[in-house]
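Colleague: I am new to this structure. Could you take me through a helix and the sheet beside which we should begin?

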Amino acid sequence: MGEICAFKIHGQELPFEAVVLNKTSGEGRLRAKSPIDCELQKEYTFIIQAYDCGAGPRETAWKKSHKAVVHIQVKDINEFAPTFKEPAYRAVVTEGKIYDSILQVEAVDEDCSPQYSQICNYEIVTTDVPFAIDRNGNIRNTEKLSYDKQHQYEILVTAYDCGQKPAAQDTLVQVDVKPVCKPGWQDWTKRIEYQPGSGSVPLFPSIHLETCDGAVSSIQITTELQTNYIGKGCDRETYSERSLQKLCGASSGIIDLLPSPSAATNWTAGLLVDSSEMIFKFDGRQGAKIPDGIVPKNLTDQFTITMWMKHGPSPGVRAEKETILCNSDKTEMNRHHYALYVHNCRLVFLLRKDFDQADTFRPAEFHWKLDQYHFNPSQSVLVMEGDDIGNINRALQKVSYINSRQFPTAGVRRLRVSSKVQCFGEDVCISVPDVDAFVMVLQAIEPQISLQGTDRLWRPAAQFESARGVTLFPDLKIVSTFARAEAPGDLRTTAPKSAVLEEMLHNLDFCDILVLGGDLDPRQECLELNHSELHQRHLDATNSTAGYSIYGVGSMSRYEQVLHHIRYRNWHPSSLEARRFRVKCSELNGRYASNEFNLEVSILHEARVSDKEHVNHLIVQPPFLQSVHHPESQNSIQRSSVVPSIATVVIIISVCMLVFVVAMGVYRVRIAHQHFTQETEAAKEAEMDWDDSALTITVNPMEKHEERGRGEETEEEEEEEVEEDVSSSSSESEDSEDEEEEEGMGKGRHGQSGARHTQLEWDDSALPY
C-alpha cells in the first residue's frame, strides 16, 4: 500500500492550509492559517487534492488524486451594537390630532449574520411621554397634544438587534407642537415699557399677521391709543385751566361762558364734567342756558370766539346740526342772531344782519372744512389699509409711541389694534382678534428745583421811601438738577453706582412771594412790579397784603427775570426794623416744588452829629489833657507840660485805640459799599448809586477836646512870644519840645487842622462780620 505525503489547495490567498496527520491512513486536517472575519467574507469555496509519496523524492513524480471541492461557511458572533443612522430626529405636529406615524427612526448593525445584524425592536427610554414606537421605528402620539400645555417634547429612543444587544448610544427625537392655525396677529408683546425722554419707541417691532393660507384681497388696520378721559386724553391735565388757556392763546378780558359751577355761576351745575370741573361733556340732549347780560345780544364788527373742543362721531342722523353756541329770539320763531355749530364735516358760524343794517352787505355764514373723520389731531388713532400682507406687517412694525412731555404721569396707556380682512369674492373671509396691549410709562426722574441768592439786604431809608423802592431779589437764581446714576469704571467691582447731578431746563407754572411775620400795612408799604415785565414774558400775577403770586407756564429764566424786578416800598421806614419774605416756585401744579428761599430786608441806619454842644454833651473832658501853669514871677507866666508822666502813656494808648477804631470803620464802610455794588450789578438795572459824598467818619469826641486844648495852648504861646526875653533858655527848650510833641499827636489824629462840625456817626450794630 502506498502512503499519502501531502494535500494541496488550489486557489490564491486563501486563509487555509491542509496538513497530513497519518501518511499510511491518509488522514489529514484543514485548518486556518490566519484570522477569519465573517464581516469580511462569510464563506469560502476551493479545490483540494491528495498526493502520494511516489517513486522518488521529487514532487513531480508524485501521483495525485482526483479533485475534491471544499465549501466553508464562517459562523458569526454578536460583536457589534446597533447604531442610528441620524444623531437626532425632529418633527412638527399640529395640536389636537392623533397621528399613526409622526416620524420613523432607523438603526443598523454591522454583524454579518441575520440573527445579529437585524434590528428586532425599538424602545422609548424617556418615561411619562404621550408617545409610542413600534418594531419598525415608527413613533406615534398616544393622546392629543396641546400647544398651550407644552410646545415641544424631547424623547430618547434606543434599538435592539435580534441578539437583544442594545444600541451603543440613544438617539434624540424632538417633536414640536404648533397650534391649530387661527387667523390673528403673532409675535407681539402685551406690555411695552416707556422711559420718559426716550423719544419714540416701536410698539410691535416683530408683529405679523397669520391668515392660515387664506386668499386675502385687502386688510384695514386701526391702531388706537385708548382713553377714558373727556379732556386731555391719555394723560391727566398737566397745568391749571388758567395756564392751559394761556398756552392755547386765550385773550385777556374774555367772558367765560362755561365757568366752574358756583352760587353766582350756576348755569353749568347740571352738566357732565370730567375730573376737572372746567371740562364739560355734551351729548346733544342737554345744554347750558347762559343768563341775560353775560353775553351781548349782538356782536360788534370785531369779536373773537375762543373754544377748545374734542369732537366725536355724531350719534344721530348725519345731516343733524350740532350746535356749540347759539343766541336766538325768545319768541316761537327762534330766529338765530348768531350761532356756531358743526354740520357734517364742516364748522359753520352764522351771523345775521341787524334790523338797522338792511342796506349793508355782510356775509351771513362762514364755513370751515373739518378733516377729523381723516385726521386725528391728538394722534391717538392710526388707520392703515392695503392689499399686501407683507407691506401691512412692515408698516405696523414701525408704529411707535412717543410722549413729548418732560414729566409725564406714570401709569398705563392702553392700546388696541383692530383688523378687518376681506377675501376675493367675499365681504369678510376671516375674523382676526383684536390686539389688546398697554404702554407702561415709567416714573420720570424728579427734578430738584433750588432757589439761590442773597438772603439779607441792608438799604438806606431813602431807598425804601423812593418811587422805585428796594429791589428784593436782584441776584436770585433758579436752578433745576436731577440725579443720574453713573456706572462704576471697573466692571469687576461691585461698588454701588454713584449719583451725578445734572442741570436741566424746564418750565415753571407759579412762584409765590409770601410776607412773613404779618401782612403788609397798605398805609405805608407794598410790593410792586411793572405789568410790562409780566406781559412781555407772557405771565400773570396777583398782589395782596399777604404777598405776590406770579403764575403762568414759562421757562425758569423768565421767572428769574420777573423776580429780579420785584420791589418793596415803605413810606415810613423809620418804624421798620426788618421785613422777611419767602419765595417758593412750582412745576406741574405743585407736583415738583422748590426749596423755600427766605430773605430779610433791614434799614441801613444813619446818625448825624451837627453841633459842638452835642459833642460836648457826649464826653467829659479828661483832667490830664488840660494845660498846667506855674507862675514864677509877677511879670511872667511860664507853661509847663508833664511829659514823662502817666498822662503821656494814657494819651498814647488812647491815640492807638482811636486809630484802630477809625480803621475798622473805614473797612466796614468799604465792605458794605462793595456788597451793595455787587447786588446792584447782579440786578442788571440802574438802582440808586451809593452816595458817599456826605459820609464822613466822626473821630472819637476826645479828639475834639484835644483840639480845643491845643487852641488854648496856641494863645498862651503867643503871649509867651511877647515876653520872650523874660523866659529862661531852659524854659524855651522845654516849651519847644512840648509843642512839637503836641503838634505831632494832633496831626496823627486828624491829618489836617480844623474841626468838622457836621459829621456822620457809623452805626455798625447790625453789620455781619
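Modeller: The buried residues of α3 pack against β15 (184-186), β18 (208-210), β19 (216-225), β26 (381-386) and β28 (411-423). Contact here means heavy atoms within 4.5 Å. This is a predicted model, in which local features need pLDDT of at least 70, side-chain atom pairs count only at pLDDT 80 or more, and totals for chains, interfaces and linings use all residues. Residues are numbered from 1 along each chain as its sequence is written, and side-chain values use heavy atoms, with hydrogens and water left out.

Colleague: Which residues of helix α3 are buried?

Modeller: In α3 (residues 389-397), they are Ile392, Asn393 and Leu396; buried means under 20% relative accessible area, with a 1.4 Å probe and protein chains only. They lie on the same side of α3 because they cover an arc of only 100° around the axis, taken from the directions from the helix axis to the C-beta atoms.

Colleague: Why would residues three or four places apart point the same way?

Modeller: An α-helix has 3.6 residues a turn, so such residues share a direction.

Colleague: Now the sheet. What is the strand order?

Modeller: The order is β16-β29-β28-β19-β26, an open sheet of five strands with mixed pairing; two strands pair if DSSP finds at least two bridges between them. β16 (191-194) and β26 each have a single partner strand, so one side of each is left without a neighbour in the sheet.

Colleague: How many bridges join β28 to β29?

Modeller: Seven, and β28 and β29 (residues 435-441) run antiparallel. Glycine 411 has valine 441 of β29 as its bridge partner.

Note on methods: Buried means under 20% relative accessible area, exposed over 50%, partly exposed in between (1.4 Å probe, protein chains only). Helices (H or I, at least four residues) and strands (E, at least two) are DSSP runs, numbered from the N terminus.
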